[in-house]
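The following exercises are to be worked through with the sequence and the three-dimensional structure at hand. Each task is followed by a solution in steps.

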Amino acid sequence: MKAQVGLIIHQEQEDYLERLLPERDLLLREMERFADEHDIPIADPEVATFLEITVQALRAQRVLEVGTAIGYADIFMARAMSPQDRVVTIDISIEMIEKAKAYVKRAGLEDQVEFHEGPALTMIPTLVGPFDLVYLDAVKAEYRDYLDLALPLIRIGGVVVCDNVLWRGQVASGRLLAAHYRGSTEALRGFNDYFVRHPQLLAQILPVGDGLAYGVKVK
Ligand SMILES: C[S@@+](CC[C@H](N)C(=O)[O-])C[C@H]1O[C@@H](n2cnc3c(N)ncnc32)[C@H](O)[C@@H]1O
């Protein structure tokens, strides 16, 4: 179940766009149900589809994801890649990684997804580039640091996608859904400014899902 229904675009538009989405297979549907029942935030299907499209458009051979959860987006991206290509994914939670590994294995993609357990801020600097696509989706207040660490690992012409940058409408409206969102909302507002003005990126914020920052590395 979506966290931001009607908060980014009007519900009528959201319902319409949802009806246009490609059907997901039984495994992806099961993952969506599991995430819903266990309150695990995973990508909205339109975001996962957008990532899949980006992987195809770039003919990506190496993708970095920061924040694995149960591996939902990994399956979309790895399916769009060739068997010798790799999705490298980082999560701080061993439980999440174990769950993601099991789903990725059921998808028959275990040779294509490489899992790294640990805090992203310490794990990203241990990785070797180049990556064609980097997808940021862990701690919202850390996005700027993730970007600073990951950008040198992205090839020129490669893409950065960051999820939830409109944060259930809070970033634009300033109206918090709960007090504990203040820090992440303010951090995301600062991050979005930094991102769209970054001298190495040609970038924009898109009202897809919960808000996607999308940037191409041009320098
Ligand atoms: C929104 S979920 C990721 C969803 C996934 N990218 C997808 O598209 O389905 C965020 C994940 O980030 C992980 N996480 C939280 N703090 C982290 C950190 N400091 N470093 C790495 N991962 C972290 C959480 O365990 C959680 O699984």
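Two strands are said to pair if DSSP finds at least two bridges between them. The model used here is a predicted one.

**Exercise 1. Overall form**

Task: Determine whether the radius of gyration of the protein chain agrees or disagrees with that of a compact globule.

Solution:
- Step 1. The protein chain has 219 residues, and for a compact globule of that length a radius of gyration near 17 Å would be expected.
- Step 2. The value for the protein chain is 16 Å, which agrees with the expectation.
- Step 3. The C-alpha trace extends over about 45 × 40 × 30 Å along its principal axes.
- Step 4. Of the 219 residues, 42% are buried. The chain contains 9 helices and 7 strands.

**Exercise 2. A pair of parallel strands**

Task: State in which sense strands E2 and E3 pair, and identify the residue of E3 that stands opposite Val88.

Solution:
- Step 1. Strand E2 covers residues 86-91 and strand E3 covers residues 113-117.
- Step 2. The two strands pair in the parallel sense, over 5 bridges.
- Step 3. Opposite Val88 stands Glu114 of E3.
- Step 4. Helix H5 (residues 94-106) completes a right-handed β-α-β unit with E2 and E3.

**Exercise 3. Strand E5 and its partners**

Task: Explain why strand E5 is described as largely enclosed, and name the strands with which E5 pairs.

Solution:
- Step 1. In E5, 7 of the 10 residues are buried, so the strand is largely enclosed by the rest of the structure.
- Step 2. E4 pairs with E5 in the parallel sense over 5 bridges, and Val134 stands opposite Val160 in E5.
- Step 3. From E4 the chain passes through helix H7 (residues 143-150) to E5 in a right-handed β-α-β crossover.
- Step 4. E5 is also joined by 5 bridges to strand E7 (residues 212-217), and these two strands run antiparallel. Val216 in E7 is the bridge partner of Val159.

**Exercise 4. One residue of E5**

Task: Decide whether Val161 is buried or exposed, and list its contacts beyond four places in sequence.

Solution:
- Step 1. Val161 lies in strand E5, residues 154-163.
- Step 2. A residue with 20 or more C-beta neighbours within 10 Å is buried. Val161 has 23 such neighbours and therefore counts as buried.
- Step 3. Apart from neighbours within four places in sequence, the contacts of Val161 are Leu51, Thr54, Leu133, Tyr135, Leu212, Ala213 and Tyr214.

**Exercise 5. Backbone exceptions**

Task: Find what kind of peptide bond joins Gly129 and Pro130, and describe phi in Trp167 and Arg168.

Solution:
- Step 1. Most residues other than glycine have a negative phi, and most peptide bonds are trans.
- Step 2. The bond between Gly129 and Pro130 is cis, with omega about 0°. Pro130 is in the loop between helix H6 (120-123) and strand E4 (131-136).
- Step 3. Trp167 has a positive phi of about 45°, and phi of Arg168 is near 55°.
- Step 4. Trp167 is in the loop between E5 and helix H8 (170-173), and Arg168 is in the loop between E5 and H8.
- Step 5. Trp167 counts as buried, because it has 25 C-beta neighbours inside 10 Å. Arg168 has 20 and counts as buried.

**Exercise 6. The ligand shell**

Task: Establish how many residues surround the ligand and how they divide by type.

Solution:
- Step 1. The ligand is surrounded by 19 residues, and the closest are Ile42, Ala43, Gly67, Ala69 and Ala73.
- Step 2. Helix H4 (72-79) and E2 are the elements that give two or more residues to this shell.
- Step 3. By type, the shell divides into 13 nonpolar, 3 polar and 3 charged residues.

Note on methods: Residues are numbered from 1 along each chain as its sequence is written. This is a predicted model: local features need pLDDT of at least 70, side-chain atom pairs count only at pLDDT 80 or more; totals for chains, interfaces and linings use all residues. Helices (H or I, at least four residues) and strands (E, at least two) are DSSP runs, numbered from the N terminus. A residue is buried if 20 or more other C-beta atoms lie within 10 Å of its own, exposed if 12 or fewer, and partly exposed in between; C-beta atoms are placed from the backbone. Two residues are in contact if their C-beta atoms, placed from the backbone, lie within 7 Å. A crossover is right-handed if, with the strands pointing away from the viewer, the path from the first strand over the helix to the second runs clockwise. The radius of gyration is taken over C-alpha atoms; the globule rule is 2.2 Å times the number of residues to the power 0.38. A residue is near a molecule or strand if its C-beta atom, placed from the backbone, lies within 6 Å of it. Ala, Val, Leu, Ile, Met, Phe, Trp, Tyr, Cys and Pro count as nonpolar, Asp, Glu, Lys and Arg as charged, and the others, Gly among them, as polar.
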